[in-house]
Amino acid sequence: EKARLKFDATMTHVLVAATARALRKNQNMNRFVAGHRLYQRDGVWVTFSMKRKKLDKAAKLATVKLETFGDESFEELSRRIDGEISVQRSEQITYEDRELGLLSKLPRPILRLCVAFGRCANYFNLLPGDFIEKDGMFTSAFIANLGSLGMKPGYHHLFEWGNCPIFIVAGEIEQRVVPIDGKPMVRRVLPLKITYDERIDDGLTAKGAIESIVETLSNPANSLGCLQEDGSDRNLLR
């Protein structure tokens, strides 16, 4: 029996859930490279970016990193996402605020030494677990939903810091002419741009993960096991 969705989910909620689901179905995509060695993660983490104040150009950009769980419902995951967003948009001082505040106070030569030390420790996969747990760039995948800002997507570069091998950028939903049963039809389409580190696995595995994401986004109500009380999913993506 499907769970009943009693709240409106945004595209970010569904993208996070779809990405986590794809990584569980295609576990070789949940790997990372450190120090020229390939590692398999023991969990699925998804990071997404957001504005501290919605649609405020002057607001700082924040990142939210979540560990996802296979036995967690979409509603439970969405509640945790909402909780993290509430913290980021409150006056609460976050770990990221404290870290950036400390680094910005260091003299440049010392800052350069600290960065060099961090990169060396990262190369040998020797960074403290507590540091890795809180850093959004040590994650299975990173999502940027530019559609929430009314923008088109672009391909995101891979970062030199951290070990995130996958970047997904979503754009604003648009209408496109697509072939259906040999006939041109106008459909609403969510444009996605995906960049991944080809060292973690080959294109066939990447294709499977992409197809899983597309499957979830094409029919989120069935894929994520969530329907409205009337059995529809009309409010699932707004």
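Strands β6 and β7 (residues 166-170) pair in the parallel sense over 4 bridges; two strands count as paired if DSSP finds at least two bridges between them. Strands (E, at least two residues) and helices (H or I, at least four) are DSSP runs, numbered from the N terminus. This is a predicted model, in which local features need pLDDT of at least 70 and side-chain atom pairs count only at pLDDT 80 or more, while totals for chains, interfaces and linings use all residues. Residues are numbered from 1 along each chain as its sequence is written, and side-chain values use heavy atoms, with hydrogens and water left out.

In β7, alanine 170 stands opposite asparagine 145. Strand β4 (residues 44-51) also runs parallel to β6, joined to it by 3 bridges. Here valine 46 has alanine 141 of β6 as its bridge partner.

Strand β6 spans residues 141-145, and 5 of its 5 residues are buried (under 20% relative accessible area; exposed is over 50%, partly exposed in between; 1.4 Å probe, protein chains only). Ala141, Ile143 and Asn145 point one way, Phe142 and Ala144 the other.

The structure also holds 10 salt bridges, each a side-chain nitrogen of Lys or Arg within 4 Å of a carboxyl oxygen of Asp or Glu. One of them joins arginine 21 to glutamate 215, with the closest N and O atoms 3.8 Å apart. Arginine 21 lies in helix α1 (residues 11-25) and glutamate 215 in helix α6 (residues 203-218), 194 residues apart. Another salt bridge links aspartate 197 and arginine 199 at 2.7 Å, N to O. Aspartate 197 is buried, at 10% relative accessible area.
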